[in-house]
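Open the model in your viewer and keep the sequence panel beside it. This tour goes from one selection to the next and says what is there.

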Amino acid sequence: MFEPEADYPLLCEWWRARGKNPPMRELLPKLGVVAHRDGEDAAMGFVFMDNSSPVCFFEVPTARPGLSLADAREAFAAVIGFLKLHTAQLGYVVMYGYTLPALAREARRLGFQKQREGMTMIYSVLKGDDDGHGR
């Protein structure tokens, strides 16, 4: 399972190694998992679980930079497999998510279906007058 104190800095390191800004810690759901390969952290993924319908949302799939394609696929499959099994045991019926095209192709190999393209993720910080960008 994802342990925020230990694993969030690693998640940030992996995102920054790719030239990306990591997600805010507050955006990560409580259900997250870290897959290991040869004793090292290899991939992470998270699931938001809706409390009003049996739908959950897969988010923030991230593999360790420098993994071979085969190793990244294997780690990603372990993350998805665990999260699908765990959420199904909790009564969830559908898992969906938005991801990059390369990860979407891999997700289809793992039982996901393509819904649509061209979506943009948006967010707003609901704390005080700050929208998360100092405005």
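Which residues of H1 are buried? The model is a predicted one, and in it the buried residues of H1 are Asp7, Tyr8, Leu10, Leu11, Cys12 and Trp14.

**Stop 1: helix H1.** Select residues 4–17, which make up this helix of 14 residues. From its first C-alpha to its last, H1 reaches 19 Å, close to the 20 Å expected at 1.5 Å a residue. Now add strand E1 (31–37), strand E2 (40–49) and strand E3 (55–63) to the selection; what covers the buried residues of H1 includes these strands. Before leaving, click on Gly19, just after H1, where phi is positive, at about 75°.

**Stop 2: Thr87.** Move to helix H2, residues 69–89, and pick out Thr87 within it. Is Thr87 buried or exposed? Thr87 counts as buried because its relative accessibility is 3%, and the cut-off for buried is under 20%. To see its surroundings, show the side chains of Leu31, Val47, Met49, Cys56, Tyr92 and Met95; Thr87 touches each of these, leaving aside residues up to four places away in sequence.

**Stop 3: the aromatic rings.** A pair of aromatic rings is described by the distance of the centres and the angle of the planes. Across the whole structure, a search finds five aromatic pairs. One of them is formed by Phe48 and Phe57: the centres are 6.2 Å apart, with 45° between the planes, and the pair is tilted. Colour the two residues by accessibility. Phe48, at 33% relative accessibility, counts as partly exposed, whereas Phe57, at 11%, counts as buried.

Keep Phe57 selected and add Tyr96. Why is this pair called edge-to-face? The ring centres of Phe57 and Tyr96 lie 4.9 Å apart and their planes are at 65°, so the pair is edge-to-face; the cut-off for that class is over 60 degrees. Follow the chain between the two residues: Phe57 is in strand E3 and Tyr96 in strand E4 (residues 94–97), 39 residues apart, and the pair links these distant parts of the chain. Tyr96 itself is partly exposed, with a relative accessible area of 39%.

**Last selection.** Show Phe48, Phe57, Tyr96 and Tyr98 together. Ring pairs link these four residues into a cluster.

Technical notes:
Residues numbered from 1 in each chain as written. Predicted model: local features only at pLDDT ≥ 70, side-chain atom pairs only at ≥ 80, totals over all residues. Heavy atoms only, no water. Helix = DSSP H or I, 4+ residues; strand = E, 2+ residues; numbered from the N terminus. Expected span 1.5 Å × (residues − 1). Buried < 20%, exposed > 50% of the residue type's maximum accessible area, 1.4 Å probe, protein only. Contact = heavy atoms within 4.5 Å. Phe/Tyr/Trp six-rings, centres within 6.5 Å; stacked < 30°, edge-to-face > 60°.
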